[in-house]
Structures are given as C-alpha cells and as structure tokens.
Amino acid sequence: MVRSLKNPKKAKTNNKKGEGSSDSVPSLAAKVWQPGVDELEEGEELQCDPSAYNSLHAFHIGWPCMSFDMVRDSLGLVRTEFPHTVYCVAGTQAEKSSWNSIGIFKLSNISGKRRDLVPGDENSDMDSESSDSDEEEEEAILQLRKVSHEGCVNRIRAMAQNPNIVASWADTGHVQVWDFSSHLNALADSESHGASAVSNQSPLVKFGGHKDEGYAIDWSPLEPGRLLSGDCKNCIYLWEPTSGTWNIDANPFIGHTASVEDLQWSPIDPFRFGSCSVDGTIALWDIRERNSPSATIKTHKADVNVISWNKLASNMLASGGDDGTFCVHDIRFVKEGRDTTVDLVAYFEYHKHPITSIEWSPPHAASREASSIVAVSSSDNQLTIWDLSLERDEEEETEFKAQMKEQVNAPTDLPPQLLFVHQGQKDLKELHWHPQIPGMVISTAADGFNILMPSNIENALPA
C-alpha cells in the first residue's frame, strides 16, 4: 500500500490575505495525450481542455493533505446552480510533526457553466465558443480555520448525521474525535478571506488503544456516532456513543493477517461492515459475531487498499488494489466463511499503479436509481470516472462523430465504461463526490486540491 506523500512541501502562495489560495486551471490543449502511452518531450507540459469540464478549480491550504472529507451543510440537498459553496475538513502531512493541523475550510463562489454534450448547428457553436472566450471565470474564495494536530493525519472523516463531529487517525497511533461546530459556524457567518491562525483545541476523545498507527476509519451511516477504526497490526475497534462520549470495546475484531487498510459500513444493515487488508482479502463482518468474519473475498493479487459500498445497490462493493486493478463484487453470491472469486461483476486493469481511492457516486434526493458511476484515483496521477452500465455501441459512436466538427481519434482499446480521465495533480491520494452537488468531485494530492465537474456526466444527473 502506497501511503505516505513523497517529500511533502508547503505550497507557496502570493495571497496576502492568508495562507490558503485558489486558482483557475490553465485552459489550453494542443493535442490529446494518452497516459501510459505518450511521453512528454523536454519543454512540453500538459494543459487541460476546459470544454471537458463544467467547472474546474485548484487550491491548497498550505501543507499537503493525504486525507480530507466533505462536510454536509444546510445550503440545499440537491444543488445544480452556480456558483457553488462547499465545506470540508482535511489533515496535513507537514515536514515536522509539530507543524501539523486539521483544516476546516469553506470554498465559495465556485463558478462554472453548463455545456452541451453534443454540439448543435454552426451558429450555436460560434455563439458558445464566443461566450466561453469572452467570459472570465471568477476566482473561488477560500476561508480556512486551523486546529493544531499532534502528528500527521493519516485519515479524517466527518460524521454524516452530525457533520461538526470529526474523527482523525494520526501517525502517532492515536484516534481522536473532535467537535468543530464553532469553526464551521464562524465560517458560515464570516466573509473574510484566507486563513486564520492555528488554534489549540482538545479533542472530545483521544484513544491510544491501538498498538500501531492506522488508516482505516468509518462512521456508520445508520447509527449516529457508531465508529470503526482499524490499524496496521490487523486490529479493528468498535466505538459506541454513550452520554456525550464513546465506549470503545477492548476486544478488537481480528480476522486479517496484515494491516487493515480501509473500512466501510453497510448502507442498509447497522450491524454489518466490510474491511480490506494488505493480506489481499476483503472481509465481511457482523458486529454481533466477533470470532471471525462472516465471509472473505479474494480477488486481488496484491494488497487491497480501498473499498466503497454502493449506497443504493447495497449488494455492490467496489475495491481497489496495489496492483492497479479495481473490482466490483456482488456480495449476494459470497459464500459464508470461504474465500471466493465468483462474485465479480467487473474487473478493470486500466491503471498501472496502486489504486489510492475509490468511491461510488452518491444517490441524490432527486434520483432514486442506484448509481452505476464510480470514481477512482491512482498513483499514476490519474483520476478516472467510470459508468459500469455502459457497453460499446459502434453505431452510436459513428453517429456522434458525424455531429462533431472534428473527429477525435480516441484509442479503440479503451474500456467503453471509461467516462472521464482527469490529470494534472501529483501523487493523488483521495477523492470524494459531493453528497449535495451532483457531479462534483474533489481530490487531494501532494500539490493541493482540485474541484472538478466533468461535462460528459451531466446526462447521468437529475434535472
């Protein structure tokens, strides 16, 4: 499992109002570049095609962050109109342990525009191109508050039911739970830009029962306050909320033979969860039965780094491995207590480097259909978006190309399920879909954050 950031450096900024900054991304593209196929010659650099995005912004909060999470807000359950506003929490990977902090930030004035998926007649094309070139994209506004954190933050998660409650995993071996309500309220009320000074705050709970540091942590989507934390010594601890604090069971779940890399609660059963490990397996558990997993899945040939449980199609579990492959499993066909490979619904070998993050597109209030779209990030510096419901249709491809002014000679060996490839970030670590803004993805890497809304997934979003 590739975990640490390579040579963390603090992002430089000319922003006089504070440490954080926000920048629009360059918008010229000379030719289509195929990752893993083409090589950059000396003096060449990659630039994105802005017409591929409804919105694209880059920003940083100082030191790089290996993990972050979306913070749900009260601005609307399904938001489709620009400009957008988002709230997040992120944990730093500073050069010195004492320099680390948790950033609680608000990014507002996120601009963008809707683009037609297929060009219309010549006049409408000219009008569209003219408006795109004439309009200057406004800069997003970053507001940042910081809380001192002992050690680097390996992973951080906000509770869905109470977004002000946040859990962090530290490389010191401690799991801590925080209440950031005062910071979130201040961000909501304030119009000032930039970053505040680092403040000192005591966590609600600081647990030191793990025998090693860890990366796996997840809040239950069904039972508010119920938490899981897993470490590099293969132990998983269950946290139960009680009277303003947490009861942490002294007897961990032990079923893996190596580090627990990720944890996911079932979206429909408050007692079931999944875990994945460096031992190459995925385990399915019931918290009422501690002795062993109810079932194990063996499909990857290397470490299993990340998993994601589909919120509506609750039988679908996606996983990403250290060998660059990612899979989708139908857990209805997993036999209890036995390793199995017969549950595979999909298996992709597109990425050539470790998968660092995987997440299903969330269901939104305006859409009752189960999502077939999944986003994946990899150490090959690519963020890819896939629609598993798609199959190649040569007739439809021919018809689409006929409507284009210029035909794009895309490689024929790309999987038809591949919707989008985003590049430009170095050492990608984690991505998340926004739960209230359909089509918005945020990703973090060694050189900062990107916010993107690909234009070609608009047809999959609620009206």
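The following dialogue examines salt bridges, burial and the nonpolar core in a predicted model.

Tutor: Local features in this predicted model need pLDDT of at least 70, side-chain atom pairs count only at pLDDT 80 or more, and totals for chains, interfaces and linings use all residues. Residues are numbered from 1 along each chain as its sequence is written, and side-chain values use heavy atoms, with hydrogens and water left out.

Student: Why is the contact between Asp73 and Arg79 called a salt bridge?

Tutor: A salt bridge requires a side-chain nitrogen of Lys or Arg within 4 Å of a carboxyl oxygen of Asp or Glu. For Asp73 and Arg79 the N to O distance is 2.8 Å, so the pair meets the definition.

Student: What makes Lys206 partly exposed?

Tutor: Buried means under 20% relative accessible area, exposed means over 50%, and partly exposed lies in between (1.4 Å probe, protein chains only). Lys206 has a relative accessible area of 42%, so the term partly exposed applies. Glu150, at 44%, is also partly exposed.

Student: How do you know that Arg155 and Asp262 form a salt bridge?

Tutor: Their closest N and O atoms are 3.4 Å apart, therefore the pair satisfies the cut-off. Arg155 and Asp262 are both buried. Together with Arg157 and Glu430, they are linked in a network of salt bridges.

Student: What makes a set of residues a nonpolar core?

Tutor: The members are buried Ala, Val, Leu, Ile, Met, Phe, Trp, Tyr and Cys residues joined through side-chain atoms within 4.5 Å. The largest such core here has 20 residues, of which Ile61, Phe105 and Phe449 touch the most other members.
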